[in-house]
Amino acid sequence: MDGPIIQINDLVKNYDTNTAVDHLNLDIRKGEIFGLLGPNGAGKTTIILSMLGLSEPTSGMVMVKGHDSTTEPLKVKKITGYLPDDVGFSGNSTGLENLVYTAMLNGIPRNEAIESAEELLEMVDLKEAGHKKTKTYSKGMTQRLGLADVMIKDPEIMVLDEPTIGIDPKGINEFLDLIRNLSKEKGMTVLLSSHLLHQVQKICDRVGILVEGKLLAQGKVDDLANELFGGKDTSITAEVSPITDELIQALSEKEGIKEIQGNGEVITMKGNRDVAPVISQTIVQNNAKLYRLSYKEYGLDEIYQHYFEGGTTDV
Amino acid sequence: MSDIVKPFWVMVNKEISDHVRSWRFIILVALILLTTTGSIYTVLAVIQQHPAQLSAHTDFLYLKLFTKSTNNLPPFITLIGFLGPLVGIALGFDAVNSERDNGTLSRVISQPIPRDYFINSKFMGGLTVIVSLVFALGFLVLGLGIIYIGLPPAFDEFLRVVVFLILTCIYIAFWLNLGITFSILFRQSSTSALSALAIWLFFTVFYSMLVQFVANAFYYRRAAQVISQSLSRISPNYLFHELTTILLTPSIRSLGGLSFRQMSGALPSTLPLGQSMLLVWPDITALIAATLVCFGISYVLFMKQEIRAS
């Protein structure tokens with residue numbers, strides 16, 4: 001197992017009056033997709049800027065592949081591709097010209113740059129649009145060009161700040177798939193930030209939840225859910241016909257089922273996951289038809305809401 | 001391979017091509033070409049027909065192309081002194097804030113380049129455009145003169161013109177740097193454009209009135225003269241006007257007035273270039289200093305500023 005490729009040690013960043021990042025520690029391993037999640041203003045972008053040496057931390061340090069971001073930003077920027085949340089391109093140049101410019105800033109000769117820019121444009125599905133001026137691009141196209149722009153320096157680490165912002169739902173899935181495939185094919189480490197939780201949970205190996213500059217939790221989405229809600233009851237919904245008082249009565253007599261409510265053709269109740277077979281059995285025994293039985297899965301939304309609403313006190 | 005271009009020059013190249021292709025630059029160049037051609041053309045017509053109308057002496061004819069005028073058109077140096085700052089401001093006022101708005105700033109400086117490349121390339125790009133423009137214009141005037149007059153310029157004349165063009169570049173670079181500084185200070189490019197134009201307008205139009213007003217408060221004429229001169233020299237416009245006039249008019253022997261006693265025994269001849277430059281050396285130093293200070297301020301501001309608007 002390799003050591004972490006990104007190490008954030010006790011990072012603090014103060015702006016004039018407020019603290020954007022508060023004693024943050026985080027390790028990101030090589031080859032993983034890490035999602036930095038949190039509401040707007042949680043300090044995601046600040047962490048990313050400190051990591052790239054674009055913003056000087058008040059205290060603490062960020063090490064990227066053994067280089068200190070504050071003292072050796074050039075070495076860090078050489079191996080890191082960054083897609084800012086408000087990414088833009090010079091509007092009067094074509095997509096291809098913009099990519100070639102970035103490549104040349106990375107010391108790639110012009111001919112090679114044009115070649116790889118054309119390949120990348122094809123990859124992000126902008127083959128034809130690549131020869132149009134970027135001011136005619138839609139937000140989704142700009143975002144895809146941004147990804148190509150990140151890829152053209154052939155980075156070891158991709159840092160994507162709110163990559164899904166402003167893209168339509170279908171585009172988001174394609175875009176995220178693209179990121180995931182790239183990361184897996186090339187063994188690239190990806191750090192992406194987002195406030196839209198359910199979108200990115202699909203592609204992240206691990207996530208960290210950031211609120212007010214503090215990392216509240218980190219780990220796999222499932223682990224986080226188990227950790228948080230493992231012992232707790234989840235809400236179970238059953239679509240049943242017909243719903244009779246006897247059925248409700250029978251259900252309420254079973255152990256582990258609480259707060260039963262019949263409403264039209266739906267019964268909602270609370271209980272542990274293990275009670276699902278008991279519920280279905282009871283319904284069938286009462287001569288009712290069971291159309292659907294579902295229990296709520298905890299995703300990032302719930303985890304996030306849990307932290308955000310409940311604060312840190314009950315964890 | 002030899003075709004790896006250093007990132008800094010890649011950035012400067014981009015700046016230049018962006019400037020040259022922008023409409024505002026094209027419009028300004030057209031404006032300058034139109035006015036200066038008009039001015040030069042009328043002077044040339046006079047030189048061809050009645051050179052005596054310009055001055056009693058027919059020496060330094062080429063310099064008169066730049067300093068004299070007929071009809072209602074102002075002479076070349078006045079036009080350049082007036083329109084040059086506009087070019088500088090136009091090239092600089094949205095240098096940083098527009099890139100910030102477009103989201104290109106954070107993308108570019110996250111490339112493996114030192115942060116100051118960004119601001120340095122803005123200055124170098126703008127300066128290159130200015131130097132090309134000013135020298136092209138100056139040499140065009142000389143060329144036009146050769147065609148019309150039929151005599152080559154004397155070497156001393158040529159040198160004076162070159163020094164004048166270099167100083168014009170420095171003067172415009174001052175306004176470029178002022179524009180760049182404002183583009184860092186203000187997040188809105190319209191705000192920075194208006195602020196830079198306000199300063200330009202203040203110095204071209206109102207400052208001399210203000211100086212006159214202050215100087216009038218003094219009873220003694222000598223004191224008023226000293227005060228008005230030293231106050232005037234705070235203005236880069238005045239500095240530029242003073243030093244170009246003296247450089248291009250070899251017969252001027254002093255910045256202030258000369259008393260009859262000082263004049264007695266002096267030969268009614270012109271000054272050599274070295275002496276003319278000596279006369280305006282403080283002006284030249286001040287102009288260069290103002291330009292560098294302005295760049296220094298913009299450099300420090302840019303390096304200290306957070307990349308993200310917070």
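Q: How many bridges join strand 9 of chain A to strand 10 of chain A?
A: Two terms come first. Helices (H or I, at least four residues) and strands (E, at least two) are DSSP runs, numbered from the N terminus. Two strands pair if DSSP finds at least two bridges between them. Here, strand 9 (residues 206-211) and strand 10 (residues 214-219) of chain A run antiparallel and are joined by five bridges. One bridge has A:Ile209 as the partner of A:Ala217 in strand 10 of chain A. The two strands form a hairpin with two residues between them, and A:Glu212 in the turn has a positive phi of about 50 degrees.

Q: Which numbering and which confidence limits apply?
A: Residues count from 1 along each chain as its sequence is written, while chains are lettered from A and ligands numbered from 1 in the order in which they are written. This is a predicted model, in which local features need pLDDT of at least 70 and side-chain atom pairs count only at pLDDT 80 or more, while totals for chains, interfaces and linings use all residues.

Q: Which residues of chain A besides the one in the hairpin have a positive phi without being glycine?
A: Among them are A:Lys65, with a phi of about 50 degrees, and A:Asp154, with about 55 degrees. A:Lys65 lies in the loop between strand 4 (59-64) and strand 5 (67-68) of chain A. A:Asp154 is in the loop between helix 5 (139-151) and strand 7 (157-161) of chain A.

Q: Why does A:Lys65 count as partly exposed?
A: The test counts neighbours: a residue is buried if 20 or more other C-beta atoms, placed from the backbone, lie within 10 Å of its own, exposed if 12 or fewer, and partly exposed in between. A:Lys65 has 18 C-beta neighbours inside 10 Å, so it counts as partly exposed. A:Asp154 is also partly exposed, because 14 other C-beta atoms lie within 10 Å.

Q: What are the domains of chain A?
A: Domain bounds come from an automatic or database domain assignment. In chain A this gives domain 1 (4-219) and domain 2 (232-295). Their C-alpha centres lie 47 Å apart.

Q: In what order do the strands of the sheet with strand 1 of chain A stand?
A: The order is 2-1-4-5 in chain A, an open sheet of four strands with antiparallel pairing. Strand 2 (19-29) and strand 5 of chain A are at the edges; each has a single partner strand, so one side of each has no neighbour in the sheet. Strand 1 (residues 4-14) and strand 4 of chain A pair over five bridges in the antiparallel sense. In this pair, A:Ile8 stands opposite A:Val62.

Q: Which strands does helix 1 of chain A lie across?
A: Axes are lines fitted to C-alpha atoms, for helices over the stretch in contact, and angles run from 0 to 180 degrees between N-to-C directions. Contact between two residues requires their C-beta atoms, placed from the backbone, to lie within 7 Å. Helix 1 (residues 44-51) of chain A lies across strand 1, strand 2 and strand 4 of chain A, at about 115 degrees to strand 1.

Q: Which strands are the edges of the sheet ordered 12-13-11-14 in chain A?
A: This open sheet has four strands with antiparallel pairing. Its edge strands are strand 12 (257-263) and strand 14 (289-295) of chain A, each pairing on one side only. Neighbouring strands are turned by 20 degrees against each other on average, direction ignored. Strand 11 (residues 234-241) and strand 14 of chain A pair over six bridges in the antiparallel sense. A:Thr237 is opposite A:Ser294 in strand 14 of chain A. Helix 9 (residues 245-253) of chain A packs on the sheet, touching strand 12 and strand 13 (266-271), with its direction about 165 degrees from that of strand 12. Helix 10 (residues 276-285) of chain A also packs on the sheet and touches strand 11, strand 12 and strand 14; its direction makes about 165 degrees with that of strand 14 of chain A.

Q: How many helices and strands does chain B have?
A: Chain B has 14 helices and zero strands. Of its 310 residues, 38% count as buried.

Q: How many residues of chain B are in contact with chain A?
A: In chain B, 24 residues are in contact with 26 residues of chain A. Helix 1 (7-21) of chain B gives the largest share of its side, five residues.
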